[in-house]
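User: Could you take a close look at one part of this model for me, and then set it in the wider fold? I would like the cut-offs spelled out as you go.

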Amino acid sequence: MKISFNMLATASFLALGCIPALAQQVTGVPGTPGATTTIDGKQLPPPPPPFGGVIKEKASESTAWWAPRVVPPKRAPNVLLIMTDDQGFGAPGTFGGVIPTPAMDRIASQGIRFTNFHSTSLCSPTRAALITGRNHHSVGFGVVGEISTGFPGYDSIIPIEKGTIGTILRSNGYATSWFGKDHNTPSFQSSQAGPFNQWPNGMGFEYFYGFVGGDASQWQPNLFRNTTPIYPFEGNPSWNLETAMADEAIQHIKQLKEIAPDKPFFVYYVPGATHAPHHPTPEWIKKISDMHLFDDGWNKVREKIFANQKRLGIMPENAKLTAWPKELPEWDSLGVLEKKLFIKQADVYGAYLAYADHEIGRVIQAVEDLGELNNTLIIYIGGDNGASAEGMINGTPNEFTTFNGVPVPVKAQYLWYPFWGSDKTFPHFAAPWAWAMDTPFKWVKQVPSHFGGTAQGVVMSWPGHITDVGGLRRQFHHVIDIAPTILEATGISQPESVDGIKQSPMEGVSMVYTWDKANATAETRHTTQYFEMLGNRSIYHDGWVAATTPITLPWELSSAPPPDVITGYKWELYNVKEDPTQSNDLAAQMPDKVKEMQGIFDAEAKKYNVLPLDNTTLLRWNTPRPSLTAGQMVFNYSGGLTGVPASAAPSILNKSYTITAEVEIPKGGAEGMIVTEGGRFGGYGLFLSKGVEGIRSGKPVFLYNLLNLKRTIWSGPELGAGKHTIVFDFKSDGPGLGKGGTGVLLVDGKEVDRKSIEHGTPITFPEDETFDVGQDTRTGVAMIEYRYDPPFKFTGKINKLTFKLGPELKDPAQAKAELGPTPAPEPDPIAEPTPGKIGAKVGKR
């Protein structure tokens with residue numbers, strides 16, 4: 001008997017319990033309503049089959065025929081794909097960390113752990129690679145979408161010829177859904193006006209419940225059901241997205257299995273944890289704080305994690321703990337106030353991770369309760385990149401101070417200490433904690449050259465199919481390998497075309513070969529992988545890594561122009577088979593090997609749209625992009641409008657502007673928001689005051705909130721019944737980013753208040769907030785004076801609202817000048833408790 005390769009492949013698939021892509025499988029009588037069929041999957045959606053019945057003049061003489069329903073191959077599993085955010089390899093207990101993660105432990109104990117798995121080092125690039133099976137530059141996500149540029153590798157648009165795993169599984173009969181973070185819809189397409197082809201529903205996911213963008217408050221997120229904004233947290237202060245998302249996923253799975261028990265599901269579950277803001281519930285903060293996990297500080301915690309990793313076999317015996325960087329403070333060098341604050345920051349972060357894992361555990365338990373656990377492939381990825389140092393050296397109570405270049409001193413942060421993790425904060429921990437959470441590696445999120453930025457702990461289980469329970473796998477793999485793994489496990493082929501568009505092959509390789517215990521130590525099938533982010537880069541090839549030394553520090557907003565992106569970097573070299581933590585740089589000893597590896601990187605860069613290399617950051621944040629508002633200087637609104645993202649709203653940053661509101665006040669007066677963008681952590685609002693017990697109500701107010709550090713308020717007299725025109729006119733002191741200026745409030749043509757501000761917001765208002773007319777969704781811009789509770793609907797009538805924008809007052813020379821330190825506003829204790837003078841820089845995201 002002659003044995004073919006296909007026969008051997010089929011035998012190996014069956015031995016692993018996977019579903020080989022075999023001949024068409026038909027159930028029932030063809031043409032009857034209950035018949036089903038699999039498809040070869042080459043063309044998606046599949047062409048309609050020819051009519052198989054008989055048509056004559058009379059129905060009584062004709063034969064009806066129904067096209068069979070498309071289903072996956074028999075025994076194809078449900079798929080639950082989980083990925084957390086900004087977690088760090090050494091954070092979860094499953095991979096040696098001090099933070100308890102029993103849900104991840106459960107999957108590890110029922111399946112296998114991967115200890116040499118890698119991301120791209122940044123959020124949306126990893127997510128694009130995950131759902132497409134292709135490198136992040138190949139699918140337009142060379143950087144996070146917020147700093148996209150007009151090149152194929154960087155435009156934040158997933159090409160049609162590179163369809164997602166959602167599209168493939170849906171067309172093959174799966175029920176597909178996405179819960180949590182969507183960081184792959186281009187910011188300039190994220191409004192209610194669409195287009196929606198780059199939203200989850202347009203990328204093959206039939207149901208979406210989550211937020212759009214890089215981060216979101218877990219107490220008041222910019223939440224969508226499919227493409228419709230929803231506000232379930234209004235009037236419900238204990239509501240938190242981590243729990244609500246688990247509830248939604250559980251109900252969705254339960255409903256699906258009750259209505260269509262034989263239809264497998266693909267659930268993509270991606271919570272916001274542990275990306276800032278760190279927002280666990282008070283119960284979880286207390287639980288983790290009472291464990292005193294972080295009281296010994298980051299250096300001792302790091303040593304403890306590494307010892308755990310050795311004990312668990314996560315790290316081999318020859319692995320070395322990389323050195324602590326001289327740029328970050330040692331714990332013993334800190335004062336009492338610093339230590340107390342930093343422990344609080346870490347406790348809240350730890351609580352957030354433990355809380356998220358608990359809710360993930362509820363989803364897994366729900367799958368078991370439905371009797372589906374044995375038929376479900378669960379893949380749980382610990383983070384989409386290394387732990388984040390974007391809280392800067394000391395952390396921050398408001399992440400948007402970082403993005404606008406404003407470091408907050410330790411003493412100032414104590415104003416928020418009692419509320420850390422609540423909706424009164426948008427917090428991020430100090431950068432040294434990020435380095436510790438990436439134990440045993442060097443570097444952090446944003447850094448693709450070293451494993452601290454890219455190493456992710458991964459666990460997989462499929463009872464009865466992955467039988468080496470509790471096993472470890474050290475093969476090198478990358479996030480682009482997940483989609484091919486799912487396809488091999490389900491027996492579904494990569495399509496040749498989708499919607500008539502020829503598809504490019506997936507660039508990852510399946511990890512299924514590692515499931516067999518006999519292959520536990522087999523050589524990896526992923527032999528070459530490039531990494532690049534923000535100009536920093538590396539190349540993995542056959543157990544070697546050549547990497548550039550990072551020039552800029554992820555926790556420090558650099559004021560220096562970047563070096564030449566080609567010649568300005570030093571290269572390092574590591575034999576990661578013998579040195580898995582990249583602790584021994586061999587570049588000086590092996591220059592020829594470095595050159596060989598650089599050549600491989602160059603070839604990969606040309607192949608996968610990595611060029612042109614770009615190590616700028618601020619310039620990319622402010623680059624022009626296609627949008628619904630590009631070039632528009634006048635905006636008109638009336639009535640009400642909510643949930644408009646910044647990309648589709650009039651931007652008042654770094655320019656002069658005039659806001660004119662023509663309103664009608666009923667008898668008895670009115671109150672409420674006329675127009676706002678932003679909220680508690682930065683933004684502005686034009687409204688009629690609520691007052692206290694009728695006192696000071698109905699007064700026109702314009703409030704400018706500078707990053708929750710200082711609020712400036714213009715106000716006028718109470719408005720009586722009838723028509724009124726309210727104008728706020730602002731003249732900027734620019735050119736330059738973050739310049740102040742003078743604002744004048746006018747009512748019915750008469751000036752009622754005039755004030756100047758020393759600084760404006762240079763880069764961005766909070767991205768999880770929106771532009772609203774007629775009410776204020778999520779959080780309010782006021783805190784003490786003129787405080788109100790959202791939605792604070794306007795009780796009058798907005799006949800017309802007009803924005804007239806001046807040109808953006810900045811140029812490259814002025815922007816560079818603004819990069820240096822400048823004093824922040826003096827405290828205004830009436831508007832808001834503030835931390836005093838704060839050194840401000842304008843820097844990168």
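Analyst: Happy to help; what follows starts with one buried loop residue, Asp 468, and then moves outward.

First, the ground rules. The model is predicted, so local features need pLDDT of at least 70 and side-chain atom pairs count only at pLDDT 80 or more, while totals for chains, interfaces and linings use all residues. Residues are numbered from 1 along each chain as its sequence is written, and side-chain values use heavy atoms, with hydrogens and water left out.

Asp 468 sits in the loop between strand 13 (455-461) and strand 14 (471-473); helices (H or I, at least four residues) and strands (E, at least two) are DSSP runs, numbered from the N terminus. Its relative accessibility is 12%, so Asp 468 counts as buried. Here buried means under 20% relative accessible area, exposed over 50%, and partly exposed in between, with a 1.4 Å probe and protein chains only. The side chain of Asp 468 makes a polar contact of 2.9 Å with that of Arg 473. Such a contact is a pair of N or O atoms within 3.5 Å; within protein, one must be able to donate a hydrogen and the other to accept it, and residues adjacent in sequence count only if both atoms are side-chain atoms. Setting aside neighbours within four places in sequence, Asp 468 is in contact with Gly 111, Ile 112, Arg 473, Trp 515 and Lys 517, where contact means heavy atoms within 4.5 Å.

Another buried loop residue is Gly 421, at 1% relative accessibility. The loop that holds Gly 421 runs between helix 10 (410-413) and helix 11 (431-437). Not counting residues up to four places away in sequence, Gly 421 touches Trp 219, His 278, His 279, Pro 280, Ile 285, Val 348 and Pro 427. Further along, the peptide bond from Thr 439 to Pro 440 is cis, with omega near 10°, and Pro 440 belongs to the loop between helix 11 and helix 12 (451-454). A cis bond also links Pro 790 to Pro 791, again with omega near 10°.

Two loop residues are worth a glance for their backbone. Arg 75 is not a glycine, yet has a positive phi of about 70°; with a relative accessible area of 59%, Arg 75 is exposed. Leu 707, also not a glycine, has a positive phi of about 55°, but is buried, with a relative accessible area of 3%.

For a helix under cover, try helix 3 (residues 123-132), where 10 of its 10 residues are buried. Just after helix 3, Gly 133 takes a positive phi of about 75°.

Now the wider fold. The protein has 16 helices and 35 strands, and 62% of its 845 residues are buried. Among contacts between residues at least 6 apart in sequence, 75% join residues at least 24 apart. The radius of gyration is 28 Å, which agrees with the value near 28 Å for a compact globule of 845 residues; this radius is taken over C-alpha atoms, and the globule rule is 2.2 Å times the number of residues to the power 0.38. Taken along the principal axes, the C-alpha atoms fill a box of roughly 100 × 85 × 50 Å.
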